[in-house]
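Dear colleague,

Please find below the structure I am handing over to you, together with its sequence. My notes on it follow directly after.

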Amino acid sequence: MTRRVLLRKRRRAISATLLCAALATGCDYNDIDHLYIATGIGVDREEHSVRLSMDLIQPGGAGNPATGENSNSQGNAPDWIVSADAPTFEEAMSGLQAKLSHSLYLQHNALVLFSEDALRDFSPIADALERDRQLRRSQLWVVTPTSAESVLRESTGQSEPISLVIRDLVDEASRREACLASDELHVVKALLRPSGVAPLAAIEEGPDGSPEVKGLAYLRRDGKLDIVDRARLLDNAWWLGRTLDVREAVPWTEGGHQGVMGVHWLRTSTRLVVDTSGRSPKVRVVWRGTGEIERWQASEKMSAHTFAALEHAIREDVKHRLAEALDHARAVDMDAFGLTNACAEKGIQLREGAWKRLQVEYDIEPHIVHGQLASTTPFAQEARGGGGSS
Amino acid sequence: MSVQKDDMARRAVDVASEIAKRLEPCPDLRVQPWSTQRDTGVAVWLEGLVDADKLQEALLALCDAGSARGRREIPRPGVATEEVGTISAAVRAVLDGCAVIARDGASSAQAWRLDRVPARSVDRSENEPTLHGPQEAFIESLSVNLAMVRKRLKSPRLKIETFTVGETSPCEIAILYEEGVVKSDLLREVRRRIAQIRVDYVADINEVREFINDPRFSVFPTTEETERPDRVVAGLMEGRVAMMADGSPTCLMVPVTFAMNLSSPEDYYMHYSLALPLRLLRHLMFWGSVLLPALYVALLTYNQDLLPTPLLVSVAAQHSGIPFPTVIEALGMMVAFEALREAGTRLPRAVGQSVSIVGTLVIGDAAVRAGLVSPGMVIIVSATGVASFTLPALGLVQAARLLQFPFVLAAGLFGLYGVLMLGIALLGRMASLRSFGVPYLAPIAPTFIRDMKDVIIRAPWWMMQGRPRQFEPVEHDRVPKHPARKRAPRWRWRP
């Protein structure tokens, strides 16, 4: 093969490659200046329509690092909210785009905030969110009992877009209670399992106008929602898996006085074991926790007897909390803790509602490390019993 | 008596006038008659190229000796002499800094080498500075440069061959090699390529490089350029060939590989454990200097989803109000940076530094404040410049400077896909390059496991007993192995 032929072939190959490259990607050009970057979507349901509120980054609002101007000196917010109504989710998205002078960029969307009403007719919205190829599967799905638009619009004093604030808020909370990590992939996966219930983080607008974690919400595949407030969050979090670095006040009786002791759980884990040896399946809740007692004042020196009593009190408290959470789930008819799933994994298909009649027993082993037991402060006497002795 | 063609005239005056005729107008040509009891003649030389004092001494000695001995031949003074039989040869000798001594009635003249060619003294290396190790660098005199190599490599096997290149202005080119180490095919190929050079004059060895390079169109350097004698000696001991030209302070060495361009002489003078992170850094910096602006452009124009959201928010804030598309902004900044770098190089050192400082600080800051460029782009282009400054080989720096432009264009047209495609094409091109028959990416591709000791890492000297196999040296072992010699037992302290 002569050199000229070789060169000609090579030139053709290069031309073909460049042409393919141009056809493959050339149309996706989108300079960063020509994008409206969405960081969050609020979904509200009105009478016969879906109302979408999009949280968009306002580049000027974040200040210009070159000139040293920041958002506060400019008086601009780092983001702005655009809303649109339409009968369907897709039409509402088109309506939003129609209001914007640049294309909407959804690939950095970090949050979908549903109002309680929006979840009533949940399936079409979930379907639309799942189908949109721009949206990441890692975006958080979060519920608010009020209006999503008002949470996004009325939150004030934030130095970064409100959606990112909410995402960080939930991320931080989920570091302690793993069940709050309600990203789309996990939620959809949970909804598709036999129990058909997924836990979602619930947030609301706090008294100072900034968002805060309200608790945990259970979403059933049919759109039924149950919100568990923060007071009962730990009980549910224990059912749903790991917790790290959480604190709990445990009732404690000493010498006829009723008080509380502070327990710092370094880590806890819970798993469900289905026992099929009997006539009917039995679920054993295996709870393990390692913690330390942070606040406790004994009138006497610590002895094995006192310590055993402390551990017994803790065990009873954990059992009580788990049982209470289960009772609540049974009451609202929501298999929030996946009892049906656990049975299905063992090959036992339960009929609808049969999970409520399953026999549940608790295997609780708190492991208290002694590190903090000996520590007292000059205020220990006043703080005895948590200050609430009766 | 007139001079016939190029033959030496019988009368010395005619010889002098013919030389003057060929060189005229030539105000610095000097002609001085001399005479002894028996002979007369003229001396012809160029003022400035010849040491006048030595010439006068030599002429006096000539007159005295001629008178005393009374013989017909011109006596030889205590300097290097050469017989010249033609006018052309005499003219060349005069131009070469010799004094031509012509005698009446003789058929040839003598060229006395009394040259006093202006040359600077040996100085520190400016282009390849190091903290440790030898500091001296070549100068513009071939004889001095050869002496500097000989001073370091006291081996009888060091051979030096000279060639003359240049039709109008002949230039002496020396090739150096270690006999018994260098592959004979390589040596033959070097000789062949130098002999084929057709050029009117050679100003610098870098002109020779373009004639002997393997690929005609390649931005990558396939010859190593150095001004350090220690580096040349190291190359010769590896089985490579060095080339020097008279009047050039630079030495070329062949063959060279890509990895060699990323090693610095200092790697061999510092502890081997320190050389590893520095070499890794240089490898990273090379690709950084080529790809950094392109990746930035691709991420901002096509692949924004790859940026973390807070970074995207920050970049979007920086970019708001910039009137140019990112790719134009990047190209503009890169051109501006290159212009500043060029200005800093061309201007006198003191002024050049001021230009660099003013350019980078004042103009850059003003451009950002004026909203012409974003701070992120300034950082990226500056980081690219800094990355290229870490590369020890000037040829590779220039390659990186050139390559970043097509990569930015590819990123602006096709995003990361374009960068990837061009990157693959570039790697393919690099893999196809040869330097005097040695694959450019050796010892990585093709792989020479044993030679990997001196690519990314620099193994301790006691582990590098062999010469690089990629150069196919005749003697692979640096030191001949003695089968009978056993390793001495490790010394132990016994109280």
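The notes below take chain B as a whole, then its sheet, and then selected strands and a helix of chain A.

Please bear in mind throughout that this is a predicted model.

Chain B

Chain B contains 14 helices and 12 strands. Its radius of gyration is 30 Å, whereas the globule rule gives 23 Å for 495 residues; the computed value is well over that, so the chain is more spread out than a compact globule. Along the principal axes, the C-alpha atoms of chain B fill a box of roughly 100 × 70 × 45 Å. Buried residues make up 38% of the 495 in this chain. Among the contacts in chain B with a separation of 6 or more, 64% are between residues 24 or more positions apart.

The sheet of chain B

An open sheet of 5 strands in chain B follows the order E1-E2-E4-E5-E3, with antiparallel pairing. Strand E1 (29-35) and strand E3 (81-84) of chain B are the edge strands, each pairing on one side only. From one strand to the next, the twist averages 25°. E1(B) and strand E2 (residues 40-46) of chain B run antiparallel and are joined by 7 bridges; within this pair, Ser35(B) stands opposite Thr40(B).

Two helices pack on this sheet. Helix H1 (residues 12-23) of chain B touches E1, E2, strand E4 (98-103) and strand E5 (109-113) of chain B, and its direction makes about 20° with that of E2(B). Helix H3 (residues 87-95) of chain B touches E2, E3, E4 and E5 of chain B, with its direction at about 145° to that of E4(B).

Strand E1 of chain A

In chain A, strand E1 (residues 35-45) has 11 of its 11 residues buried, so the strand is largely enclosed by the rest of the structure. A hairpin of 4 connecting residues leads from E1(A) to E2(A). These two strands, the second covering residues 50-57, run antiparallel with 7 bridges between them, and Ala38(A) has Leu56(A) as its bridge partner. E1(A) also pairs in the parallel sense with strand E4 (residues 103-105) of chain A over 3 bridges, where Leu35(A) is partnered by Ser103(A). A further parallel pairing, of 4 bridges, joins E1(A) to strand E5 (residues 111-115) of chain A; there Val43(A) has Phe114(A) as its bridge partner.

Strands E7, E8 and E9 of chain A

Strand E8 (residues 211-220) of chain A is mostly covered, with 9 of its 10 residues buried. It runs antiparallel to strand E7 (residues 197-205) of chain A, to which 9 bridges join it, and Gly215(A) is the bridge partner of Ala202(A). The hairpin of E7(A) and E8(A) has 5 residues between the strands, and Gly209(A) in the turn has a positive phi of about 90°.

E8(A) is likewise joined by 5 bridges to strand E9 (residues 225-229) of chain A, again antiparallel, with Asp226(A) as the partner of Tyr218(A). Here the hairpin has 4 residues between the strands, and Gly223(A) in the turn has a positive phi of about 100°.

Helix H9 of chain A

Helix H9 (residues 304-331) of chain A has 28 residues, which at 1.5 Å a residue should span 40 Å; the end C-alpha atoms are 40 Å apart, in agreement. Its buried residues include Leu310(A), Ile314(A), Asp317(A), Val318(A) and Leu322(A). Just after H9(A), Asp333(A) takes a positive phi of about 60°.

With kind regards

How values were computed. Residues are numbered from 1 along each chain as its sequence is written. Chains are lettered from A and ligands numbered from 1 in the order in which they are written. This is a predicted model: local features need pLDDT of at least 70, side-chain atom pairs count only at pLDDT 80 or more; totals for chains, interfaces and linings use all residues. A residue is buried if 20 or more other C-beta atoms lie within 10 Å of its own, exposed if 12 or fewer, and partly exposed in between; C-beta atoms are placed from the backbone. Two strands pair if DSSP finds at least two bridges between them. The radius of gyration is taken over C-alpha atoms; the globule rule is 2.2 Å times the number of residues to the power 0.38. Two residues are in contact if their C-beta atoms, placed from the backbone, lie within 7 Å. The expected span of a helix is 1.5 Å times one less than its number of residues. Axes are lines fitted to C-alpha atoms, for helices over the stretch in contact, and angles run from 0 to 180 degrees between N-to-C directions.
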